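This report is written for a reader who has the sequence and the model open side by side. It goes through surface charge, salt bridges, aromatic contacts and backbone angles in turn.

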Amino acid sequence: MGVMSSDGKNSPRNNQSPGVASLTSRTLKLSKREVTIRLEPSYWEGLEEICRREDLTVEELCADVQDRMTRQGRQSVQAGVSLANAIRVFVVGYFRQAATERGHARAGHGQGRPFIATPFDVVPAAGEG
């Protein structure tokens, strides 16, 4: 899967190694105004996957997150959360709700190797073990 460029289009990864990547900016039109959001490529990919599953556009989903964040912010003492952070929390929460024991078993989780099948899963170099 490609990386989202600042103009909102997919571009090839350009030999990036898996793991943590630089933030990527996208400008979205939310509530009739343009908002620039910076997320790691893996969050953009997760957000796009959620949108495919839920038959929503990224803009629709982000606008809904923004609206819910605004409504909750008025009711709580914890204000000042950025939209990018709220989206990260949403993406993780969405996939956590979808995780099942069967899914964890298929991914090889629960064997004392928490990084398996994640962007931090590193194949040992020759001679390491």
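Glu34 counts as exposed because its relative accessibility is 63%, a value over the 50% that marks exposed residues. The coordinates come from a predicted model, and the values below should be read with that in mind. Glu34 lies in strand β4, which covers residues 33-39, and together with Glu54, Asp55, Glu59 and Glu60 this residue forms a negative surface patch. Another member of that patch, Asp55, is found in the loop between α1 and α2 and counts as exposed because its relative accessibility is 69%.

**Overall layout**

The secondary structure of the protein chain consists of four helices and four strands, and when the chain is read along its sequence these elements follow the pattern β-β-β-β-α-α-α-α. The protein chain has 129 residues, of which 25% count as buried.

**Salt bridges**

Side chains of opposite charge can pair when their charged atoms come close. How many salt bridges does a search of the whole structure find? The search finds five, and three of these pairs are set out in the table, with the distance given between the closest N and O atoms.

| Pair | N to O distance | Citation |
|---|---|---|
| Arg26 and Glu48 | 3.0 Å | salt bridge |
| Glu49 and Arg53 | 3.2 Å | salt bridge |
| Arg68 and Asp64 | 3.0 Å | salt bridge |

The salt bridge between Arg26 and Glu48 links distant parts of the chain, since Arg26 belongs to strand β3 (residues 24-30) and Glu48 to helix α1 (residues 41-54), with their positions 22 residues apart in the numbering. Both Arg26 and Glu48 are buried.

The salt bridge between Glu49 and Arg53 sits within helix α1, where the two residues are separated by about one helical turn because they are four residues apart. Glu49 is partly exposed, because its relative accessibility is 28%, whereas Arg53 counts as exposed with a relative accessible area of 58%.

Arg68 and Asp64 likewise lie four residues apart, about one turn of the helix, and here the helix is α2 (residues 58-75). Arg68 is partly exposed at 46% relative accessibility, and Asp64 is also partly exposed, with a relative accessible area of 32%.

**Aromatic contacts**

A pair of aromatic rings is described by the distance of the centres and the angle of the planes. With ring centres required to lie within 6.5 Å, the count comes to two aromatic pairs. The rings of Phe90 and Tyr94 have centres 6.0 Å apart and planes at 45°, so this pair is tilted. Phe90 and Tyr94 are separated by about one helical turn, because they are four residues apart in helix α3 (residues 83-98). The rings of Tyr94 and Phe95 have centres 5.4 Å apart and planes at 85°, so this second pair is edge-to-face.

Phe90, Tyr94 and Phe95 thus belong to one aromatic cluster. Phe90 is partly exposed, with a relative accessible area of 27%, and Phe95 is partly exposed as well, with a relative accessible area of 29%.

Helix α3 also holds Leu83, which is buried because its relative accessible area is 10%, under the 20% limit for that class. Leu83 and Val35 are 48 residues apart in sequence, and their C-alpha atoms are 9.5 Å apart in space.

**Positive phi angles**

Most residues other than glycine have a negative phi, and most peptide bonds are trans. Which residue in the loop between β3 and β4 is found to have a positive phi? Ser31, which is not a glycine, has a positive phi of about 50°, and Ser31 is found in the loop between β3 and β4. Ser31 counts as exposed because its relative accessible area is 57%.

Asp55, already met as a member of the negative surface patch, is a further case, with a phi near 55°, a positive value in a residue other than glycine. Asp55 thus combines a positive phi with a place in the loop between α1 and α2.

Methods
Residues are numbered from 1 along each chain as its sequence is written. This is a predicted model: local features need pLDDT of at least 70, side-chain atom pairs count only at pLDDT 80 or more; totals for chains, interfaces and linings use all residues. Side-chain values use heavy atoms; hydrogens and water are left out. Patches are made of residues with over 30% relative accessible area and no salt bridge: like charges are joined within 9 Å, nonpolar side chains (Val, Leu, Ile, Met, Phe, Trp, Tyr) within 5 Å. Accessible areas come from the Shrake-Rupley method with a 1.4 Å probe; for residues, only the protein chains shown count as cover. A salt bridge is a side-chain nitrogen of Lys or Arg within 4 Å of a carboxyl oxygen of Asp or Glu. Lys and Arg count as positive and Asp and Glu as negative; His and the chain ends are not counted. The place of a charge is taken as NZ of Lys, CZ of Arg, CG of Asp or CD of Glu. Buried means under 20% relative accessible area, exposed over 50%, partly exposed in between (1.4 Å probe, protein chains only). Rings of Phe, Tyr and Trp (its six-membered ring) pair if their centres lie within 6.5 Å; planes under 30 degrees apart count as stacked, over 60 as edge-to-face and the rest as tilted.
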